[in-house]
Amino acid sequence: MATSAGTRGKAGIRTGGSVARIKQAILDNLVCIQGRFAPIATPNDYYLAVAYTVRDRLLAQWAKTAHTYYERASRTVCYLSAEFLLGPHLENHLINLGLYDEVRRAVAALGLDFQALVDQEEEPGLGNGGLGRLAACYLDSLAMLNIPAIGYGIRYEFGIFTQEIRDGWQEEVADQWLRKGNPWEVPRPEIAYDIPFGGRTERVRDAAGRDRIRWIPDRLIRGVAYDTMITGYASPSVIMLRLFKAEATTSFDLRSFNVGDYYGAVHDKIGSENLTKILYPNDEPAAGRRLRLMQQFLFVSCALRDMIRIFLQRETDLTRFHEKYAIQLNDTHPAIGVAELMRLLVDIHGLGWEEAWEITRRSFGYTNHTLLAEALETWPMPLFAGVLPRHLEIVFEINRRFLDGIRRDYPGDEDLARRLSLIDESGERYVRMAHLACVGSHRINGVARLHTELLRAQVLNDFNRIGPEKFLNVTNGVTPRRFVALANPALAALVTEAIGPAWIRDLARLEALEPFAEDAAFRVRWRTINRENKARLAELVESRTGIATDPDSLFDVQVKRIHEYKRQHLNVLHVITLYNRIRHGEAGDRPPRTVLFGGKAAPGYAMAKLIIKLVHAVAETIHSDSKAAGRLKVAFLPNFNVKTAHLIYPATDLSEQISTAGKEASGTGNMKFSMNGALTIGTLDGANVEIREEVGAENFFLFGLTAEEVERSWREGWQPDGAIAANDDLSEALEMLEAGFFSRNDRELFRPLTRTIRDRDDYRLCADYPSYIEAQDRVGRTWLDQDAWQRMSILNVARMGKFSSDRAIREYCEKIWRVQPVEIDD
């Protein structure tokens, strides 16, 4: 395979890299681990045997890595995230370990179909979207760059739900990713922590006569560690993702059982294990919010106690804890860690408040991932007090000391103190977790240049005012190993043939591709690979939806979480406009187009679910009209995940990045599409701004208001009715939705959607619609000139070097973590 990194490791059945040794190891693991033999073994049995064979090799390298870090007491990054959307492991490890070709040949020698075994792997759905996928990309880069690191998170038994579509509506089905076992994790039952919840606190005196607070919880839940190893491409480093599962401290109450209370005998076990059953329980009901807060505290407390355990293996006290660890909060979900580290240092390990606060503040960094006020987590005071009574006291004390400083430095400005307070007292009292993260961290970063500017100017402007030196930007990046080398092997091989393999480790090397944009023969090969990728995607779309698509049409794709600010409904309005042009005989020479949607709506988000229904309703109407045959197809690919992304990104011609300017923090799908040669139609939002700067304005289809213009429209009192009245195409599209044209004469079905557009248009669809349609017309004209399109595609790839997660991690190491690479001892 073109991306092979070269076999490493000592020869041997358990770790050797030759085809013969790998073949024998597969057979050994089939019998010794699976308890199977060839005549009765299923494809899943063989997949597991292959997986264990690969795991043996990466565990051998992990042992060397961990031993090196231990011996050198290496400063370590601890990445705390509620999500890690890893994707399938097998092929990714084979590429990173340099064993792809050898394992394929060993499998073939056993008379097995390698792809069929790969397809057996369940994807761990431990994330919802960009946040979790970014965390996974960063682990990949940390490993490749030889940075000592541990990821900490939650081992959800059921990950992000499996999305099924029934009559155009999303239905959520439990994601049973563990039902056949998980060969990639290593259970660590000896690494477990009993985590307190609820109860009360009392003041006591310790042995030295000092006042202390004792937390007397009413419940303990045990967090048990499960480790997953993360390989780095062509790197000796293998790092660890440690996930915690909730268990009962006592699994079975024999006394209850003996008196006939059979449910009571296991009640505590069931209740405790529910804590990590599911990713993001619906937090609309109070019980869901309580569960989510408990989830976050469980994994954060386990992570911090694990760091302390490791630290005290070599040290006698915690005064240099911050010198050992750089702890990164991946958004506000783990922000409770600020209060929990203070509790552990002060209440458990006896440090004074000032010393503990200095250690805490110097340990944490905070990455903000949102500009949406509703996404900045807050917890109602009664809920917080009921779950974490000691932490509420700590938050109060942090807040008191913090606001005393504010009042000292800004005398008389009580409004500033009110806005900065960790407690929102404007109505029902809430704990502001983003404020806790800001106060308790030494650095605060946004994830795209525009996002960071808006954080400083709007969302966190008061914190920027009092501490501008804390703020910096680290634009997101993605790993080219998974999203090009693995997802698009033919393109990766062509690039490697043209400029050599170094780009896989150093994406800036892609700039050497630029001259090939003028090579006609190279452009033909480039287009041929894209056409083959589109044919594979067309097969997947037809198998899952029953809709046949033409690989020679323009593949126009929007796959991401369904949300109003991401504006999938603006895309649908364009589809309706295209359809109306066909109906009215005004399509002209516009090229055939396949518009593909994908993404999940949060279970409690009714409007997002209605948008999914809208896509299906419009598609059904268009496909039933013979006038649209061969001109326009629309499909919604259900259950978008990393596996399907491997097929979608390489097959896309046009990437839809059309969020309302000022709403998207960064986006990473935009980067993955561009790395695979898709051209972007987008607003100046998130990382789109920087992508356009890098690839060139002439290679990017720009439209829409800027973030500043959107903000001004709010101040000036935006009214969408004027924009609707001024545009016949927009008026017609909305009227068709309201008349039931796409809903079998049901005039009420899409009324909630059209009403929000007509009455408020919070996401400025009406404002951006005319320029969006004009940009889409430019797309169509450009597509007709395939030489020009392929040039633009090649230049997009050649200029994407900035958007590697390797670059982002180097910036974190230099600007926030102060961590250096460590050479692994052989």
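This is a short dialogue on reading features of a predicted model.

Student: Let's begin with the whole chain. What does the radius of gyration of the protein chain agree with?

Tutor: Welcome! This is a predicted model, and the radius of gyration can be set against a simple rule. For 826 residues, a compact globule would come out near 28 Å, and the protein chain has 27 Å, so the value agrees with that of a compact globule. Its C-alpha trace spans about 90 × 75 × 60 Å along the principal axes.

Student: How many helices and strands are there in the protein chain?

Tutor: The secondary structure comes to 33 helices and 22 strands. To see how the chain folds back on itself, look at sequence separation: among contacts with a separation of 6 or more, 76% join residues 24 or more positions apart.

Student: And what share of the residues counts as buried?

Tutor: Of the 826 residues, 60% count as buried. The accessible surface of the chain is about 30,800 Å², and carbon and sulfur atoms hold 49% of that area.

Student: Could you show me burial in one helix? How many residues of α11 are buried?

Tutor: Happily. Buried means under 20% relative accessible area. In α11, residues 337-348, eleven of the twelve residues are buried, so by this cut-off the helix is mostly covered. The buried set includes leucines such as L341 and L344, and also the residues E340, R343 and D347. Just after α11, G350 has a positive phi of about 75°.

Student: How should I read a positive phi?

Tutor: Most residues other than glycine have a negative phi. Now look at D331, which is not a glycine and has a phi near 75°. D331 sits in the loop between β10 and α11.

Student: Is D331 buried or exposed?

Tutor: D331 counts as buried, because its relative accessibility is 8%. There is another case to look at: D761 has a positive phi of about 50° and is not a glycine either. D761 lies in the loop between α30 and α31, and with a relative accessible area of 2%, D761 is buried.

Student: Now the empty spaces. Which residues lie nearest the centre of the second largest pocket?

Tutor: A pocket is open, whereas a cavity is a space from which the probe cannot get out. The second largest pocket holds about 620 Å³ of space. Its lining has 29 residues, and those nearest its centre are A66, Y69, Y70, I310 and K324. Elements giving two or more residues to this lining include α2, β5 and α9. The largest share, five residues, comes from α2. By class, the lining has 15 nonpolar, three polar and eleven charged residues.

Student: How many cavities of 30 Å³ or more does the structure hold?

Tutor: There are nine, and the largest cavity has about 140 Å³ of space. Of its 14 lining residues, L86, H89, N92, I230 and R482 are closest to its centre. At least two lining residues come from each of α3, α6 and β8. The classes here are five nonpolar, six polar and three charged residues.

Student: One last residue: with which residues is D825 in contact, beyond its neighbours within four places in sequence?

Tutor: D825 is found in the segment after α33. Leaving aside those neighbours, D825 is in contact with K64, T68 and R72. D825 is partly exposed, because its relative accessible area is 36%. From A286, D825 is 539 residues away in sequence and 51 Å away in space, C-alpha to C-alpha.

Methods: Residues numbered from 1 in each chain as written. Predicted model: local features only at pLDDT ≥ 70, side-chain atom pairs only at ≥ 80, totals over all residues. Heavy atoms only, no water. 1 Å grid on protein atoms, 1.4 Å probe; cavity = no way out; pocket = protein on both sides within 12 Å on 5 of 7 lines; lining within 4 Å. Points joined across faces, edges and corners; volume = space filled by probe spheres on them. Helix = DSSP H or I, 4+ residues; strand = E, 2+ residues; numbered from the N terminus. Nonpolar A, V, L, I, M, F, W, Y, C, P; charged D, E, K, R; others polar. Rg over C-alpha atoms; globule rule 2.2 N^0.38 Å. Buried < 20%, exposed > 50% of the residue type's maximum accessible area, 1.4 Å probe, protein only. Contact = heavy atoms within 4.5 Å. Areas by Shrake-Rupley, 256 points an atom, 1.4 Å probe, with all protein chains shown as cover.
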